[in-house]
Amino acid sequence: MKRLVLVAVAAALALSGCASTPEPAAAPSATADSLSGSITVFAAASLTGTFTELAREFEAAHPGTTVELAFAGSSDLVTQITEGAPADVFASADTKNMAKVTDAALNAEAPVDFATNSLEIAVPPGNPARVEGLADLADPDVRLVVCAPAVPCGAATVAVATVAGVDLSPVSEESSVTDVLGKVTSGEADAGLVYVTDVLAAGDAVEGIGFDESGEAVNVYPIVALGGSDAPDVASAFVAFVVGAAGQKVLAAAGFGAP
């Protein structure tokens with residue numbers, strides 16, 4: 001009897017060995033990024049370096065997307081947008097120019113502040129004009145270049161000069177901060193009022209001179225997705241990318257302040 005039991009158990013084990021063993025469940029595959037489409041971003045000239053990097057990182061994170069960039073003075077960009085230029089996102093160097101876009105109801109959502117910036121004096125290497133502060137820029141022998149008042153860096157220049165009681169007489173007023181920097185690096189100017197971030201980005205091409213009055217005109221940078229976009233989800237995602245951790249890391253490394 002005991003032998004029969006053992007035979008029965010052996011037979012049962014043999015049958016179970018022949019049965020198919022269930023395979024472990026496969027790990028769920030990563031969901032492919034569904035974001036796709038092309039957008040055009042209009043951004044202030046002072047954002048050239050950072051937004052070029054951010055666009056590259058955004059496209060890498062979302063392989064189905066393409067980000068085209070257009071840089072100029074914020075006031076010039078607003079003029080283009082209000083006249084119907086195709087743009088999906090606008091990043092301004094001040095809130096005043098952003099207000100022109102929202103007042104015209106051209107935005108798809110509320111603007112979001114993403115950075116701050118302040119002025120610094122840029123001079124050629126060696127500082128040949130011996131500029132030490134804002135008051136020195138009033139010297140008629142110093143060839144000074146600034147932004148036009150309609151441009152955010154120009155409005156900030158007017159503000160700091162007014163606070164300091166300094167009468168500036170620039171040899172030229174440029175339509176963007178990059179044009180001001182270009183005059184200094186080419187030797188056409190002894191000094192220029194640009195942003196702290198521009199001096200940092202220029203490296204050894206210029207020297208930066210800080211001044212106390214710069215704190216009286218700190219520019220706040222807002223960004224917004226515009227209406228009428230063919231890829232509104234991509235535009236909104238790019239805005240979120242700029243204001244998120246990845247964007248803030250790039251902006252901070254370039255010298256921008258937190259909003």
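Angles under 35 degrees count as roughly parallel, over 145 as roughly antiparallel, 65 to 115 as roughly perpendicular, and the rest as oblique. The angles themselves run from 0 to 180 degrees between N-to-C directions, and the axes are lines fitted to C-alpha atoms, for helices over the stretch in contact.

This is a predicted model, in which local features need pLDDT (the predictor's confidence in each residue, from 0 to 100) of at least 70 and side-chain atom pairs count only at pLDDT 80 or more, whereas totals for chains, interfaces and linings use all residues. Residues are numbered from 1 along each chain as its sequence is written, and side-chain values use heavy atoms, with hydrogens and water left out.

**Exercise 1. Describe the protein chain as a whole, and state where confidence is low.**

Step 1. Begin with the secondary structure: the protein chain has 9 helices and 10 strands, where helices (H or I, at least four residues) and strands (E, at least two) are DSSP runs numbered from the N terminus.

Step 2. Turn to burial and surface. Of the 259 residues, 42% count as buried, where buried means under 20% relative accessible area, exposed over 50%, and partly exposed in between (1.4 Å probe, protein chains only). The accessible surface comes to about 12,700 Å², and 55% of this belongs to carbon and sulfur atoms.

Step 3. Consider the contacts (heavy atoms within 4.5 Å): among those in the protein chain with a separation of 6 or more, 80% are accounted for by residues 24 or more positions apart.

Step 4. Finish with confidence. The mean pLDDT is 90, and 88% of the residues reach 70 or more, but over residues 1-31 pLDDT stays under 50, and for that stretch the model has 0 contacts beyond four places in sequence.

**Exercise 2. Identify the residues at the centre of the contacts in the largest nonpolar core, and follow helix H8 from this core to helix H9.**

Step 1. A nonpolar core is a set of buried Ala, Val, Leu, Ile, Met, Phe, Trp, Tyr and Cys residues joined through side-chain atoms within 4.5 Å. The largest one holds 66 residues, of which Ile39, Leu47, Phe51, Phe114, Ile121, Leu137 and Phe238 touch the most other members. Helix H8 (residues 232-243) supplies the largest share of this core, 7 residues.

Step 2. Take Phe238 as an example: when residues up to four places away in sequence are not counted, Phe238 touches Ile39, Val41, Phe51, Leu54, Ala55, Phe58, Val67 and Val89. A second, separate core has 11 residues, including Val78, Ile81, Met98 and Val101.

Step 3. The axes of H8 and helix H9 (residues 245-253) come within 4 Å and cross at roughly 55°. H8 and H9 are therefore oblique to each other. From H8 the contact involves Phe241, Val242 and Val243, and from H9 it involves Ala245, Ala246, Gly247, Gln248 and Leu251.

**Exercise 3. Classify the packing of helices H3 and H4.**

Step 1. The axes of helix H3 (residues 74-82) and H4 come within 9 Å and cross at roughly 5°.

Step 2. H3 and H4 are therefore roughly parallel to each other, and the residues that meet are Ser74, Ser75 and Val78 in H3 with Asn97, Lys100 and Val101 in H4.

**Exercise 4. Two residues that are not glycine have a positive phi; place each in the chain and decide whether it is buried or exposed.**

Step 1. Ala105, with a phi of about 55°, lies in the loop between helix H4 (95-103) and strand E4 (112-117). With a relative accessible area of 60%, Ala105 is exposed.

Step 2. Asn127, with a phi of about 50°, lies in the loop between strand E5 (119-123) and strand E6 (144-147). With a relative accessible area of 11%, Asn127 is buried.

**Exercise 5. Describe the surroundings of Val177 and Val196.**

Step 1. Val177 is found in helix H6 (residues 177-185) and, at 3% relative accessibility, counts as buried. Apart from neighbours within four places in sequence, Val177 is in contact with Ala45, Ser46, Cys147, Cys153, Val194, Tyr195 and Asp198. Val177 and Cys153 are 24 residues apart along the chain, and their C-alpha atoms are separated by 6.5 Å.

Step 2. Val196 belongs to helix H7 (residues 196-202) and is partly exposed, with a relative accessible area of 28%. Not counting residues up to four places away in sequence, Val196 touches Asn117, Ser118, Leu119 and Glu120.

Technical notes. Areas by Shrake-Rupley, 256 points an atom, 1.4 Å probe, with all protein chains shown as cover.
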